[in-house]
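Dear colleague,

I am handing over the structure we spoke about, and you will find it just below. Please have it open while you read the notes that come after it.

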Amino acid sequence: MHTTADSPVVPHATPPPLAPPRPLGEPRTWPRDFTDRLTAPLPGVRALARIAREGKLRPPPETLPEIQQLPFAPGPMPAAGPTTLALTWAGHASWIIRVGGLTVLTDPVWSRKILGTPARVTPVGVRWEDLPPVDAVVISHNHYDHLDAPTLKRLPRHTPLLLPAGLGPWARRRGFTQVTDLDWWEAVELPAPGGPVRFDFVPAHHWSKRTLTDTCRSLWGGWLLTAPDGRRIHFAGDTGYGHWFEEIGRRYPGIDLALLPIGAYDPRWMLRPVHTDPEEAVKACQDLGARALAPMHWSTFLLSGEPPLEPLHRVRAAWAATGRPREDLWDLPVGASRVLAAG
């Protein structure tokens with residue numbers, strides 16, 4: 001049975017058991033579209049006309065000098081053995097996660113420019129040639145700033161791709177041979193030197209579209225990575241704020257680190273349903289029951305109207321207001337790394 005956006009969420013009920021892992025590369029048949037999973041209506045003609053009229057999807061010109069202050073501190077990635085859990089932020093929603101002895105990329109975008117947006121304002125935090133061999137890639141949804149075909153073309157075609165439901169055919173047409181697409185609350189395991197690493201596909205408040213004719217034809221969501229020793233990372237992909245965070249935390253207790261978007265939120269009247277602002281990201285971290293928060297989806301591409309440095313200032317203030325330990329806000333510069341301690 002598939003969980004839809006209309007399914008009731010009972011926060012204090014006993015969570016259902018986790019689904020057993022599905023076979024890797026399993027052929028699947030999916031619905032024609034996933035419109036029933038939307039948690040807010042998509043922008044209509046009036047909204048698009050208003051955006052065109054107001055022209056507020058870019059930062060005010062007087063704030064553009066802030067680009068020179070965006071944090072960028074590339075450095076060597078930490079050594080990672082079978083028991084290490086380490087992250088390096090390459091920029092936007094692209095992370096290099098070392099878990100169980102595997103190297104996993106999230107929404108990898110190494111391109112300087114993506115369709116429909118200005119060029120990136122900070123370089124990629126890790127040069128492609130400096131990456132260790134990539135053992136798997138997880139994709140949150142098919143928007144161009146998260147599913148970047150030129151970057152994926154750099155990978156060996158046998159690289160395992162873990163995708164939202166309905167995106168498998170897209171990857172297979174491009175020659176990838178180990179493609180697994182999942183519905184919400186489904187999981188697979190990948191063998192690793194430290195023991196199996198589990199990947200659960202979980203809901204998000206977003207949508208999908210890549211061409212004029214494929215709106216919501218594939219699913220969208222985040223990923224819950226569980227290391228062999230039980231440590232957990234939630235990668236939210238791209239999402240607005242809503243009830244799914246509490247439900248994910250209920251089903252997956254003990255999340256150690258949440259990778260959550262804090263940028264591309266202005267104007268709120270249009271972007272609130274699909275992009276968390278910094279305060280909502282902090283609230284989402286609390287809803288998840290996550291110990292630490294790593295902000296992302298800012299400081300790379302200027303996709304909306306807030307000043308370039310505003311997301312960082314606001315997430316720091318929102319985190320401080322909670323009284324939680326400062327060291328649990330992983331506000332990394334692009335290119336920086338951090339190791340998640342065991343225990």
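What follows covers one helix pair and the internal cavities.

Please bear in mind that this is a predicted model. To begin with the helices, the axes of H6 (residues 278-288) and H7 (residues 310-322) come within 8 Å of each other and cross at roughly 40 degrees. Angles under 35 degrees count as roughly parallel, so the pair falls outside that class and H6 is oblique to H7. The crossing of H6 past H7 is right-handed. On the H6 side, the contact is made by Pro278, Glu279, Val282, Cys285 and Gln286, while H7 brings Pro311, Arg314, Val315, Ala318, Trp319 and Thr322 to it. Sorted by class, this contact holds seven nonpolar, two polar and two charged residues.

Turning to the interior, there are two cavities of 30 Å³ or more. The largest encloses about 120 Å³ of space, and its lining is made up of 16 residues, with Ala264, Phe301, Leu302, Leu303 and Glu306 lying nearest its centre. That lining comprises 10 nonpolar, five polar and one charged residues.

The second largest cavity has a volume of about 40 Å³, and the residues that line it are Pro203, Ala204, His205, Gly222, His234, Ala236, Thr239, Trp244, Phe245 and Ile248. Helix H4 (residues 244-251) gives the most to this lining, with three residues. Six residues of the lining of the second largest cavity are nonpolar and four are polar, with no charged residue among them.

With best wishes

Technical notes:
Residues are numbered from 1 along each chain as its sequence is written. This is a predicted model: local features need pLDDT of at least 70, side-chain atom pairs count only at pLDDT 80 or more; totals for chains, interfaces and linings use all residues. Side-chain values use heavy atoms; hydrogens and water are left out. Axes are lines fitted to C-alpha atoms, for helices over the stretch in contact, and angles run from 0 to 180 degrees between N-to-C directions. Helices (H or I, at least four residues) and strands (E, at least two) are DSSP runs, numbered from the N terminus. Angles under 35 degrees count as roughly parallel, over 145 as roughly antiparallel, 65 to 115 as roughly perpendicular and the rest as oblique. A crossing is left-handed if the near helix is turned anticlockwise from the far one by less than a right angle, and right-handed if clockwise. Contact means heavy atoms within 4.5 Å. Ala, Val, Leu, Ile, Met, Phe, Trp, Tyr, Cys and Pro count as nonpolar, Asp, Glu, Lys and Arg as charged, and the others, Gly among them, as polar. On a 1 Å grid over the protein atoms alone, a cavity is a set of points where a 1.4 Å probe fits but cannot get out, and a pocket is an open set with protein on both sides within 12 Å along at least five of seven lines; lining residues have an atom within 4 Å of a point. Grid points are joined across faces, edges and corners, and a volume is the space filled by probe spheres set on the points.
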